[in-house]
Amino acid sequence: MMLPMMSLHAVVAFVLVIAQEKNEAEELFKKMEEKLAKAKTVQVKGSGSSEMSEGEMKAATVLLWETGNKARLDTELTIPGMGDIKGLYVSDGKHAAARGPESKDGKTPEKLTSDLVQSWARGGGFFVIMWIEAATFKDENHPKRAQVPKPVGFKMGPKEKVGDREAQKIEYALTNIEAEDVSMALWIDPETFLPVKREMRGFHGKEKLTYFETYSDLKLDEKIDAAKFELPKDTK
């Protein structure tokens with residue numbers, strides 16, 4: 001009669017360990033997101049790439065935001081078959097403009113800063129490229145692109161070296177978004193509680209992709225030149 005009881009204890013212990021690991025990963029993620037949310041200004045550069053069947057896709061982003069719904073996103077994309085594409089999004093707190101393959105002008109969303117914090121923390125720079133324009137200018141053909149993603153299923157991974165720093169890897173999945181089956185791995189500096197690297201796995205059409213993104217020059221609460229949030233002169 002002892003064997004079944006021991007097996008039951010083992011199962012319960014295993015479940016408790018798994019639950020604890022998930023909680024630790026989620027708590028670390030929340031600390032990172034809360035630190036970003038409390039900052040009055042944030043500046044970060046992102047650099048990423050993904051191998052596609054037609055070649056390598058590359059993305060470079062420079063993202064700035066400031067309390068009062070001010071934001072700026074500069075992007076440079078290299079997409080196989082399409083070449084190099086540059087884009088710009090700016091919000092001065094009341095109005096917003098996007099320049100690139102298309103020009104768009106509109107009103108700044110009421111919760112731009114808070115939603116941007118969550119969207120970047122959870123999805124990264126590449127995700128924000130599509131999200132920020134959809135959230136501002138309302139893409140009727142793709143309404144889910146404007147939604148803030150929700151992270152679920154947190155798991156703790158190993159500690160690994162990212163550059164010259166040791167970072168804690170956590171894993172989770174994204175829900176409440178247009179794409180399905182999007183999973184994330186995020187490496188967080190345990191001393192600063194700031195992200196240093198991300199891996200996103202999902203589908204582009206029928207093609208399964210793995211996108212790697214690293215972050216540099218991540219600065220909190222440093223003054224940003226007010227000119228960075230000035231709308232393009234041709235804004236309507």
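## Overall architecture

Read from the N terminus onward, the protein chain of this predicted model follows the pattern α-β-β-β-β-β-β-α-β-β-β-β-β. The secondary structure therein amounts to 2 helices and 11 strands.

## Burial, surface and contacts

Of the 236 residues that make up the protein chain, 39% count as buried, while the accessible surface comes to about 13700 Å², with 53% of that area belonging to carbon and sulfur atoms.

When the contacts in the protein chain with a separation of 6 or more are considered, 51% of them are accounted for by residues 24 or more positions apart.

## Gln43 in strand β1

Strand β1 spans residues 41-52, and Gln43 is found within this strand. The relative accessible area of Gln43 is 16%, and because buried means under 20%, Gln43 is classed as buried.

Leaving aside neighbours within four places in sequence, Gln43 is in contact with Leu63 and Leu64, and also with Asp217, Leu218, Lys219, Glu222, Lys223 and Ile224. The contact list of this buried residue thus includes charged side chains such as Asp217, Lys219, Glu222 and Lys223, alongside Leu63, Leu64, Leu218 and Ile224.

## Aromatic groups

A search of the whole structure finds 7 aromatic pairs. Phe29, Phe154 and Tyr172 together form one aromatic cluster.

A further ring, that of Trp187, has a lysine positioned over its face: Lys197 lies there at 4.6 Å from the ring centre.

Methods:
Residues numbered from 1 in each chain as written. Predicted model: local features only at pLDDT ≥ 70, side-chain atom pairs only at ≥ 80, totals over all residues. Heavy atoms only, no water. Phe/Tyr/Trp six-rings, centres within 6.5 Å; stacked < 30°, edge-to-face > 60°. Lys NZ or Arg CZ within 6 Å of the ring centre and 35° of its normal. Helix = DSSP H or I, 4+ residues; strand = E, 2+ residues; numbered from the N terminus. Buried < 20%, exposed > 50% of the residue type's maximum accessible area, 1.4 Å probe, protein only. Contact = heavy atoms within 4.5 Å. Areas by Shrake-Rupley, 256 points an atom, 1.4 Å probe, with all protein chains shown as cover.
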